[in-house]
Amino acid sequence: MKRVTASAPGRVNLIGEHIDYNDGWVLPFAIGERTRVTITLRSDSKFRFTSAQKKSAIEIDLSNLVPSKRRSDWSDYIAGIIWALEVNHRVDIHIDGQVPLGAGLSSSAALECAVALGLDHLFSLGKSKVDLARLAQRAENEYVGMPCGIMDQSISLMAESGHALLIDCVTLETRQIPLDLRSEGLELLIIDTNAHHALVDGGYRERRERCQSALRQLGMRSMRDLDEAQLELFGNSLDEISYRRVRHAVTEIARVHQSVALLEKKDFPGIGKILSASHHSLKVDYEVSCPELDLAVEVAESSGALGARMVGGGFGGSAIALTPQEKIHEIKEEISQAYREAKFAPPRFFTAQPSDGARIESSE
Ligand code: ADP
Ligand code: MG
């Protein structure tokens, strides 16, 4: 084999926000936009990367493919995978991605997973999808220097069309949950607010640490061992802010399980209510929303969405709205109009249906 083409999708997380690090579960699905990579064996001494989304080609020697020599640009995502897979045969890698970069749809995992699956195939490494997800996470953590969890890589590799993937963030066990929005006349609308508020890194670390110290104070090992009723009974030793942070974590964990049960019954209005309850909790208890996200959610709800919430770390980024297909146009118009009136930067819109995970497209 001399050449392989592989592709992998971006993702959106339906429910389970700020609970990957709180021992929770997440329920993402793959979107239709994919990143394709073509990997070709080379006979000289260089690795060469090109991307249809980037101007210049990058050439790297094997001796420079180590985290301490990272270039701090887009090539790190590819170099990190080669490093994590311990590939030392030189290759050309060409990228062409449809997943919008930096919109919270995980173009980074799409790129990593397409490269990882392609290299695994080209060199017959025989890695499982779980192995590849762990390796890709390691590449992003240690080579790129981004402390992400395992969700993005797991869903990009393991997604099945018409399904969301329930991921247990402690055991990494997964379960495919049927989610066929199209046949219900529904679509997931993604609203990229284009807002990026400064709190992102500090706010994230503070939430994480506060949840951990609150657990210690409660004498508990894990958020998953606690529910809202127990928190009400035993939580009065916590300060008011810690109490609300923990309440978000335990109610969000409960919302993921409720969502799975509702999906089994195809109760989409019920799912919509859960999305909106999740937003309320992220806004009021976890305090990671911002005016742009709140406005997108509010207007989506008032113009016909079944429910909506912010997604991702918060303080900007994207929101999602579960929407009847015939209402999409109107909802987008209303949100754009409200943003103009509020003098916010114009939002970007995407729509998503649960799609297939990474695959080999061709090899020769
Ligand atoms: P997200 O994963 O939400 O899109 P990230 O900041 O995690 O945002 O990852 C985006 C980065 O991934 C880009 O800035 C770029 O470095 C890299 N990347 C993703 N897709 C491509 C692509 N098609 N070509 C080149 N680089 C890409
Ligand atoms: Mg990313």
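**A quick tour: one cavity, one sheet and some charged pairs**

Okay, let's start inside. Helix α3 gives the most to the lining of the largest cavity, with three residues. Before I go on, remember that what you have in front of you is a predicted model.

So, the cavity. Its volume is about 40 Å³, and the count of cavities of 30 Å³ or more comes to one. Who lines it? You'll find Val130, Ala133, Arg134, Ile150, Ser154, Met158 and Leu172 around that space. Helix α3 runs over residues 129-144 and α4 over 151-158, and each of these two supplies at least two residues of the lining. If you wonder how one finds such a space, rolling a probe the size of a water molecule over the atoms shows where empty space is left.

Next, have a look at strand β9, residues 186-196. This strand is mostly covered, with nine of its eleven residues buried. Which strands does β9 pair with? One is β11, residues 316-324, and the two run antiparallel, with eight bridges between them. If you want a spot to zoom in on, Asp192 stands opposite Ser318 of β11. The other is β12, residues 348-352, again antiparallel, this time over five bridges. There, Leu188 has Ala352 as its bridge partner.

Now for the charges. Side chains of opposite charge can pair when their charged atoms come close. In this structure, there are 23 salt bridges, and I'll pick out a few.

Take Arg42 and Asp92 to begin with: their closest N and O atoms are 2.6 Å apart. These two sit in distant parts of the chain, 50 residues apart, with Arg42 in the loop between β3 and β4 and Asp92 in strand β6. Are they buried or exposed? Arg42 is buried, because its relative accessible area is 16% and the limit for buried is under 20%. Asp92 counts as partly exposed, at 25% relative accessibility.

Then there's Glu287, which has salt bridges to Arg244 and to Arg245. With Arg244, the N to O distance is 3.1 Å. Glu287 lies in the loop between α8 and α9 while Arg244 is in helix α7, so this pair ties together parts that are 43 residues apart in sequence. With Arg245 the distance, N to O, is 3.0 Å. That pair also links distant parts of the chain, since Arg245 is in helix α7 too, 42 residues from Glu287. As for how covered they are, Glu287 is partly exposed at 34% relative accessibility. Arg244 is buried at 13%, and Arg245 is buried with a relative accessible area of 4%.

Salt bridges can also link up into a network here, and the members are Glu206, Arg207, Arg210 and Asp239.

Last stop: Glu112, in helix α2, residues 107-122. What about a salt bridge for this one? Glu112 is buried yet has none, and the nearest side chain of opposite charge, Arg11, is 10 Å away. A salt bridge needs the nitrogen and oxygen within 4 Å, so Arg11 is too far off to make one with Glu112. Setting aside residues up to four places away in sequence, what does Glu112 touch? The contacts are Tyr77, Ile81, Ala136, Glu140 and Gln153.

Right, that's my tour. Happy to spin the model around if anyone wants another look.

Terms used. Residues numbered from 1 in each chain as written. Chains lettered and ligands numbered in written order. Predicted model: local features only at pLDDT ≥ 70, side-chain atom pairs only at ≥ 80, totals over all residues. Heavy atoms only, no water. Helix = DSSP H or I, 4+ residues; strand = E, 2+ residues; numbered from the N terminus. Buried < 20%, exposed > 50% of the residue type's maximum accessible area, 1.4 Å probe, protein only. Lys, Arg positive; Asp, Glu negative; His and termini not counted. Contact = heavy atoms within 4.5 Å. Pairing = 2+ DSSP bridges. 1 Å grid on protein atoms, 1.4 Å probe; cavity = no way out; pocket = protein on both sides within 12 Å on 5 of 7 lines; lining within 4 Å. Points joined across faces, edges and corners; volume = space filled by probe spheres on them.
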